[in-house]
Amino acid sequence: MRRVVVTGLGTVNPIGNNVEQYFRNLEQGVSGAAPITLFDASKFKTRFACEVKGFDPNEHFDRKEARKYDRFTQFALVAAKEAAQDAGLVDAENRTVGTVDKDRVGVVWASGIGGIGTFFDEVFSFATGDGTPKYNPFFIPKMIADIAAGHISMKYGFRGPNYCTVSACSSSNHAFIDALNLIRWGKAEVIVAGGSEAAINPAGIGGFNAMQALSTRNDDPATASRPYDTGRDGFVMGEGAGALILEEYEHAVARGAKIYAEVVGGGMSADAYHLTAPDPEGAGALLAMREALKDAGIDASEIDYVNTHGTSTPAGDLPEIKGIMAALGEHVYQINISSTKSMTGHLLGGAAAIEALACILAIDRGIVPPTINVSERDPQIDPRINLTLGSAQRREIHCALSNTFGFGGHNSTVIFKKVK
């Protein structure tokens with residue numbers, strides 16, 4: 001099969017409005033959690049989140065254009081632009097450059113929920129009005145989860161495969177796996193792949209509060225996301241986007257593109273167990289990791305770093321560790337493991353997108369980002385496992401594995417490898 005590499009990176013997320021700022025803050029262990037500013041959360045059980053900081057849509061879009069986009073689409077367009085420019089597909093004025101065939105450039109973009117902010121605002125306006133339907137004509141086009149992929153393609157005239165993957169918090173890894181396979185099968189030469197989410201609003205916070213899924217550590221938000229800590233009490237909502245430019249290897253070499261890493265495999269599975277809880281023994285996670293290793297054609301002993309789903313929920317963290325131990329065997333004691341959600345919070349459908357960036361940059365720069373906020377390590381986790389607690393660690397990384405799992409039992413794993 002044709003090889004697939006990463007030639008461009010882009011992001012806007014709670015600890016960085018571009019790739020360099022993001023990885024610098026990852027390396028330094030910066031928390032993105034703080035009191036919610038996007039709406040009045042004073043009556044909610046959870047009053048904090050990992051919001052994107054200092055994001056002004058008017059700096060990226062004209063006022064008329066910005067009104068057509070839900071916040072999750074705004075994030076998607078900004079991240080995709082940075083990635084496309086980084087890959088040399090577009091110039092500083094956003095014009096496509098070079099001889100890339102636009103018919104062979106696709107977009108596979110993920111979102112677990114899509115325009116929930118738009119949906120909430122429109123329905124709330126109707127419910128609190130006089131009953132006269134006065135819906136915005138852009139209501140539906142702003143809300144639907146596939147629209148970010150559509151807008152990215154329209155922005156640049158990319159006419160290749162174009163759609164959205166939706167599998168809750170596993171969505172972005174499914175986008176990467178689909179993009180990987182489309183290029184392998186010769187359906188495209190280049191694909192803009194990634195994911196975005198913007199669910200920090202009354203409906204998003206209220207809904208997850210009702211499920212008792214969110215941390216309620218309102219007195220100290222910065223330390224609320226604490227994967228593998230005995231005091232973890234739920235995840236912290238995040239928002240933002242991450243984008244990769246995936247490209248056929250020979251195509252990238254021919255145009256002199258910078259190559260960050262190779263995407264060598266992906267695995268998918270289902271827990272077939274519970275609506276929201278993972279299989280307690282990590283069976284679904286294990287299956288996804290084994291499938292990814294098989295697809296990549298590599299041995300478990302070649303993995304150097306695992307970026308975990310690690311959401312900081314009492315029910316979720318341990319099963320994944322069990323799955324990792326089963327997938328890697330004794331080699332698990334030789335690797336680094338970390339949860340970058342301890343810093344970014346949980347971006348839901350966009351989570352795997354920014355975690356892929358963490359893996360790729362860890363390979364590129366030889367730096368493993370830490371797991372922060374662990375004051376008392378869960379004694380059920382084997383103490384010999386290196387969770388990269390507190391501070392980043394330097395090591396050469398040849399292969400990095402990224403896990404994401406979603407409500408409904410959706411599991412996905414992607415493996416990135418240094419290009420030799």
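This is a short group-meeting talk on the pockets, salt bridges and a few backbone details of one protein model.

Hi everyone, thanks for coming. One thing before we start: what you see on the screen is a predicted model. I'll go through the pockets, then a surface patch, then the charged pairs, and finish with some contacts and backbone angles.

Let's begin with empty space. Rolling a probe the size of a water molecule over the atoms shows where such space is left. The largest pocket comes out at about 530 Å³. It has 35 lining residues, and the ones closest to its centre are Thr-276, Pro-278, Thr-313, Gly-316 and Phe-407. If you want to find the pocket on the screen, those five are a handy place to start.

Which elements supply at least two residues each to that lining? They are helix 11, residues 317–328, and strand 13, residues 399–406. Helix 11 gives the most, with 3 residues. As for chemistry, the lining has 15 nonpolar residues, 15 polar ones and 5 charged ones.

Now the second largest pocket, with a volume of about 420 Å³. Here 23 residues form the lining, and closest to the centre we find Asp-70, Arg-71, Gly-117, Thr-118 and Asp-121. Please keep Arg-71 in mind, as we will come back to that residue. Three helices give two or more residues each: helix 2 (63–66), helix 3 (71–86) and helix 4 (116–127). The largest share is from helix 4, with 5 residues. By class, this lining splits into 9 nonpolar, 6 polar and 8 charged residues.

Helix 4 also takes us to the surface. Val-123 lies in that helix, and together with Phe-119, Phe-126 and Tyr-135 it makes a nonpolar surface patch of about 330 Å². Why can Val-123 belong to a surface patch? Patch residues need over 30% relative accessible area, and Val-123 is partly exposed at 33%.

On to the charges. Side chains of opposite charge can pair when their charged atoms come close. In this model there are 21 salt bridges, and I'd like to show you a few.

Here is Arg-71 again, the residue from the second pocket. Its side chain meets that of Glu-239 in a salt bridge, 2.8 Å from N to O. Arg-71 sits in helix 3, while Glu-239 is in the loop between helix 8 (202–210) and strand 7 (240–248), so the pair ties together parts that are 168 residues apart in sequence. Are the two partners buried or exposed? Glu-239 is buried, with a relative accessible area of 0%, whereas Arg-71 is partly exposed at 22%.

Another pair is Asp-382 with Arg-384, whose closest N and O atoms are 2.9 Å apart. Asp-382 is buried, with 16% relative accessible area, because the limit for buried is under 20%. Arg-384, on the other hand, is exposed at 53%. Asp-91 and Arg-95 form a salt bridge too, at 3.0 Å between the closest N and O atoms. There is also a network of salt bridges that links Glu-20, Lys-258, Asp-364 and Arg-365.

Next, two places where the chain comes back to itself. Leu-180, in helix 7 (residues 171–184), is buried, with a relative accessible area of 1%. Its C-alpha atom is 6.4 Å from that of Val-4, although the two residues are 176 apart along the chain. Then there is Arg-24, in helix 1, residues 19–28, which is partly exposed at 41%. Arg-24 and Pro-369 are 345 residues apart in sequence, with their C-alpha atoms 9.5 Å apart in space.

Last, the backbone. Most residues other than glycine have a negative phi. Which residues have a positive phi here without being glycine? Ala-168 is one of them, at about 55 degrees, and it is placed in the loop between strand 5 (162–165) and helix 7. Leu-348 is another, also at about 55 degrees. Leu-348 lies in the loop between helix 12 (341–344) and helix 13 (351–365), and at 3% relative accessibility it counts as buried.

If you take one residue back to your bench, let it be Arg-71: it is among those closest to the centre of the second largest pocket, and it forms a salt bridge with Glu-239. Thanks for listening!

Definitions and conventions: Residues are numbered from 1 along each chain as its sequence is written. This is a predicted model: local features need pLDDT of at least 70, side-chain atom pairs count only at pLDDT 80 or more; totals for chains, interfaces and linings use all residues. Side-chain values use heavy atoms; hydrogens and water are left out. On a 1 Å grid over the protein atoms alone, a cavity is a set of points where a 1.4 Å probe fits but cannot get out, and a pocket is an open set with protein on both sides within 12 Å along at least five of seven lines; lining residues have an atom within 4 Å of a point. Grid points are joined across faces, edges and corners, and a volume is the space filled by probe spheres set on the points. Helices (H or I, at least four residues) and strands (E, at least two) are DSSP runs, numbered from the N terminus. Ala, Val, Leu, Ile, Met, Phe, Trp, Tyr, Cys and Pro count as nonpolar, Asp, Glu, Lys and Arg as charged, and the others, Gly among them, as polar. Patches are made of residues with over 30% relative accessible area and no salt bridge: like charges are joined within 9 Å, nonpolar side chains (Val, Leu, Ile, Met, Phe, Trp, Tyr) within 5 Å. Accessible areas come from the Shrake-Rupley method with a 1.4 Å probe; for residues, only the protein chains shown count as cover. A salt bridge is a side-chain nitrogen of Lys or Arg within 4 Å of a carboxyl oxygen of Asp or Glu. Buried means under 20% relative accessible area, exposed over 50%, partly exposed in between (1.4 Å probe, protein chains only).
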